[in-house]
Amino acid sequence: MKDFKRPRSEKDFELNFSPINPLMSGSEAVVESSRCLFCYNAPCIKACPTEIDIPLFIRQISTGNLKGTARTIYESNYFGNACGKVCPVEVLCEGACVFNDMNLKPIEIGRLQSYAATYALKKKFALFVPGAPQNKKVAVIGAGPAGISCACELRRFGYEVDVFEAKDKPTGLTLHGVAPYKITNEEALKEAEFLKKQLEFRIHYRTPVTSYRQFRNLENEYDAIFIGIGLGNTVELKIKGEDLDGCMGAVEYIENIKLKKHKARSGRKVVVIGGGNTAMDAASEASRMGAERVWLSYRRSKEEMPAYEFEYELAKKVCVEPLFNTAPLEISGKSKVEGIKLAPTKVVSGRITADKQNSFVVPCDMVIIATGQEKQNKLLDIIDGFEFDDKGRPVTEGDSFRAKGTKYFIAGDVINGGSEIVNAVAEAVKAAEGIHNFLKGNTN
Ligand SMILES: Cc1cc2nc3c(=O)[nH]c(=O)nc-3n(C[C@H](O)[C@H](O)[C@H](O)COP(=O)(O)OP(=O)(O)OC[C@H]3O[C@@H](n4cnc5c(N)ncnc54)[C@H](O)[C@@H]3O)c2cc1C
Ligand code: SF4
């Protein structure tokens, strides 16, 4: 259990948010890589959405072939460094490692990957060259993991690529969302620069694509368009007091910390509403920002929480206090948040019901809402020809990620509803292959 003081300087901030998975040294990497059994039909590869040849890159580390390691990683995953640091490896590659069956510690695949990828970025290994020109142009909307991965793959096919990004920096939520103790801003940006230098795609920053006219212009100017715009702002709870000063969405709260570091606003007594990974991150980060108390209110039981167990454990380690089976009724205060009224919940006829008679108030100066991000359907709705299924998702054609019957392709959080960086990368690479087939006339 750890208490943190409010960080007053960048140095304090870096101390409070120091990496939970520190970079391996060369000798640590060699020792760890020598434990791998280099399994035939390795389960760790199957568990990775980008299907990196993990035993191969681990063997390359053990033989000192770090350029070969980098090639193996980046051939499958353009966000090789970010994913080594931020992937939920416990439920992916490391969770599938055969050592678990022997009740032994799995190979530290994530840290090995990040060791080799960090080295590749430092040494500026030349891994990629653009393909022979195809004389066709593709527009990519969004410079997150999906947009950048799609741009990289398309450049290797030889297409001209223009990326249009609303913000002033690349990598999307890698920069604006993922907790600083998993990846620093510098690390995220360095990987994007490494890719951009080698593959020469253009990024137009502060260029949101939001109007019918802009989409029409892109349709006229480009042979295909990829959409990788992720999800929107935090979904509102629609309870009284949500507009009070001190109540904010988790995505916005976290983005502020990522950009302003120790200067970001944070409360002394904080209640986080939600039970997903973003709620765990927001609660952990509030604690690391020096809150005296942080409570996590979730309307169901611990067992029903969608957050990964290890993310909950991380939050507990920094003194976050759970309030399971509670639901928010209203936030109180004159102009600023002074407290939140919670009610115990129970299941009545299969539905969660708040027991208002037994409600109680938790005095606090900040409430963070972490109950999901908005879909981007309002924006997608303005594009001619988009079809939506009964759950409101754009209808796409199988593995090509092509929006049915259009020249648009769409992947990442915007279509999977919010997953991990590694999923956005894997989907976007498939979408780039879909675009290539489409432009080669292999599909209608
Ligand atoms: C708080 C938080 C913590 C997370 N932690 C992790 C983690 O630890 N590990 C992990 O693997 N995943 C994590 N994720 C999930 C991960 O960040 C996402 O799955 C991944 O970033 C999705 O990539 P994307 O490219 O689809 O979308 P995004 O990363 O959201 O990128 C979309 C980009 O499009 C831009 N954009 C949006 N609209 C427009 C427009 N109209 N015009 C132009 N540009 C636009 C945005 O500015 C952004 O740069 C986290 C997510 C959140 C919210
Ligand atoms: S499952 Fe574990 S031991 Fe087997 S190849 Fe993968 S990392 Fe190595």
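Me: In this predicted model, which residue with a positive phi follows α18, and what is the value of that phi?
Reply: Helix α18 covers residues 421–439, and the residue of interest comes after the helix. That residue is Gly441, and its phi is positive, near 80°.

Me: How many of the 19 residues of α18 are buried, and what is the reach of the helix from its first C-alpha to its last?
Reply: Helix α18 is mostly covered, with 16 of its 19 residues buried. At 1.5 Å a residue a reach of 27 Å is expected for α18, and the computed distance from the first C-alpha to the last is close to that, at 27 Å.

Me: Which polar backbone atom lies 3.0 Å from an oxygen atom of ligand 1?
Reply: Residue 421 begins helix α18, and Ile421 is also a partner of the ligand through its backbone. Glu420 takes part through its side chain, where an N or O atom is 3.2 Å from a nitrogen atom of ligand 1. The 3.0 Å pair with an oxygen atom of the ligand belongs to a polar backbone atom of Ile421.

Me: Which residue has a polar side-chain atom 2.8 Å from an oxygen atom of ligand 1?
Reply: There are 32 residues around ligand 1, and those that come nearest are Glu165, Leu173, Lys182, Val209 and Asp413. Among these, the one with a polar side-chain atom 2.8 Å from a ligand oxygen is Lys182.

Me: Why does the distance between the end C-alpha atoms of α11 agree with its number of residues?
Reply: Helix α11 runs from residue 185 to residue 199 and so has 15 residues, which at 1.5 Å a residue should span 21 Å. The distance between its end C-alpha atoms agrees with that expectation, because it comes to 22 Å.

Me: Which elements are included in what covers the buried residues of α11?
Reply: The buried residues of α11 are Asn185, Ala188, Glu191, Ala192, Phe194, Leu195, Gln198 and Leu199. Beyond the helix comes Glu200, with a positive phi near 55°. What covers the buried residues includes α5, α6, α8, α9, α10 and α13.

Me: Which backbone oxygens does the side chain of Lys258 reach, and at what distance?
Reply: Lys258 lies in helix α13, and although buried, this lysine has no salt bridge, since the nearest side chain of opposite charge, Glu285, is 7.4 Å away, whereas a salt bridge needs the atoms within 4 Å. Its contacts include His176, Pro180, Ile183 and Asn185, the last of which is also one of the buried residues of α11. The side chain of Lys258 reaches the backbone oxygen of Thr174 at 3.3 Å and that of Leu175 at 3.3 Å.

Terms used. Residues numbered from 1 in each chain as written. Chains lettered and ligands numbered in written order. Predicted model: local features only at pLDDT ≥ 70, side-chain atom pairs only at ≥ 80, totals over all residues. Heavy atoms only, no water. Helix = DSSP H or I, 4+ residues; strand = E, 2+ residues; numbered from the N terminus. Buried < 20%, exposed > 50% of the residue type's maximum accessible area, 1.4 Å probe, protein only. Lys, Arg positive; Asp, Glu negative; His and termini not counted. Polar contact = N/O pair within 3.5 Å; in protein donor to acceptor, adjacent residues only side chain to side chain. Contact = heavy atoms within 4.5 Å. Expected span 1.5 Å × (residues − 1). Near = heavy atom within 4 Å. Lists of a residue's contacts leave out its neighbours within four places in sequence.
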